[in-house]
Amino acid sequence: MMRGLVAILGLLALGGCAADAPIEQPSMYFNMAEGARLDSEAAATMISLYRKNNGLGAVVIDPELMKVAEGQSQAMAKRNKLDHDVKAPLPKRLQAAGYPATTAVENVSAGYHTLAEAFSGWRDSPPHRANMLQGDVTKMGIAASYAPNTKYKVFWTLILASTEARDTPGVRIPSALLAN
């Protein structure tokens, strides 16, 4: 009986230790309006898994696309305006960055405070979903900019692209695939 009591007390002690351990929130739920940093690797994983579930290949973070996305999000936040062309149209922004895109699509949005919310909004919108499921893209850049004194507070940009050679030169950006 004493052994049973000791075992129960030991389990209770261990359970008490586990209860004191903080539960870590997944980064996709970090609130950008509370000063959180966007976890671009989590975003790439989330989008890649979504693409995989739809029979497509993964995307990887591209540092140059990250810079272009950041510039777009900051420009929208600074002007308090949700717009693909607030800084310049995507092909001009890519060209100015020296980015050799053969295919590129962009999602912009605002008002979502977490990556999970932004992703869900894009997934549930046909034009945004079409961008995330663009078959020939392999790279991505994503950014979220916080502007506390604006209507939306958080401005998002997702750019998906490919630099692989194609039969016809130039950046192919179907206008139907540019989505707000």
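Two aromatic rings of Phe, Tyr or Trp (for Trp, the six-membered ring) count as a pair here if their centres lie within 6.5 Å. By this rule the count comes to 3 aromatic pairs, and two of these will be stops on our tour of this predicted model.

**Stop one: a pair of tryptophans.** Select tryptophan 122 and tryptophan 156. The ring centres are 6.4 Å apart and the planes stand at 90°, so this pair is edge-to-face; planes over 60 degrees apart earn that label. Tryptophan 122 belongs to helix 5 and tryptophan 156 to strand 4, so the pair ties together parts that are 34 residues apart in sequence. Are these two buried or exposed? Tryptophan 122 is buried, with a relative accessible area of 1%, and tryptophan 156 is buried too, at 0%.

**Stop two: a second pair.** Now pick tyrosine 152 and phenylalanine 155. Their rings are also edge-to-face, 6.0 Å centre to centre and with 85° between the planes. Here the surroundings of the partners differ: tyrosine 152 is partly exposed at 27% relative accessibility, whereas phenylalanine 155 is buried at 0%.

**Stop three: strand 4.** Colour residues 154-162. How many of the residues of strand 4 are buried? The count is 9 of the 9, so the strand is largely enclosed by the rest of the structure. In a regular strand, side chains alternate between the two faces of the sheet. Look along strand 4 to see this: Val154, Trp156, Leu158, Leu160 and Ser162 point one way, while Phe155, Thr157, Ile159 and Ala161 point the other way.

Next, add the strands paired with it. Strand 2 (residues 103-110) is antiparallel to strand 4, with 8 bridges between them. Strand 3 (residues 139-146) also runs antiparallel to strand 4 and is joined to it by 8 bridges. Leucine 158 is a good place to zoom in: it is the bridge partner of asparagine 107 and also of isoleucine 142.

**Stop four: helix 5.** Select residues 115-123. The buried residues in helix 5 are Leu115, Ala116, Ala118, Phe119, Gly121 and Trp122. What covers them? The cover includes helix 2, strand 2, helix 6 (126-132), strand 3 and strand 4.

Stay with leucine 115 for a moment. Leaving aside neighbours within four places in sequence, leucine 115 is in contact with Met28, Leu38, Asp39, Ala42, Ala43, Met46, Ile142 and Trp156.

**Stop five: the nonpolar cores.** In soluble globular proteins, nonpolar side chains tend to be buried together. The largest nonpolar core in this model has 23 residues, and those with the most contacts inside it are Leu115, Met132, Met140, Ile142, Trp156, Leu158 and Leu160. Helix 2 (40-53), helix 5, strand 3 and strand 4 each supply at least two of its residues. Helix 2 gives the most, with 6. Apart from this core lies another, of 11 residues, including Leu65, Val68, Ala101 and Ala104.

**Last stop: confidence.** Finish by colouring the chain by pLDDT. The average is 84, and 76% of the residues score at least 70. Where is confidence lowest, and where is it highest? It is lowest in helix 1 (residues 2-20), at a mean of 50, and highest in strand 1 (residues 60-61), at 98. Also select residues 168-180, where the pLDDT is below 50; this stretch has 36 contacts in the model beyond near neighbours in sequence. Where pLDDT is low, the predicted coordinates should not be read in detail.

Notes
Residues are numbered from 1 along each chain as its sequence is written. This is a predicted model: local features need pLDDT of at least 70, side-chain atom pairs count only at pLDDT 80 or more; totals for chains, interfaces and linings use all residues. Side-chain values use heavy atoms; hydrogens and water are left out. Buried means under 20% relative accessible area, exposed over 50%, partly exposed in between (1.4 Å probe, protein chains only). Helices (H or I, at least four residues) and strands (E, at least two) are DSSP runs, numbered from the N terminus. Two strands pair if DSSP finds at least two bridges between them. A nonpolar core is a set of buried Ala, Val, Leu, Ile, Met, Phe, Trp, Tyr and Cys residues joined through side-chain atoms within 4.5 Å. Contact means heavy atoms within 4.5 Å. pLDDT is the predictor's confidence in each residue, from 0 to 100. Rings of Phe, Tyr and Trp (its six-membered ring) pair if their centres lie within 6.5 Å; planes under 30 degrees apart count as stacked, over 60 as edge-to-face and the rest as tilted.
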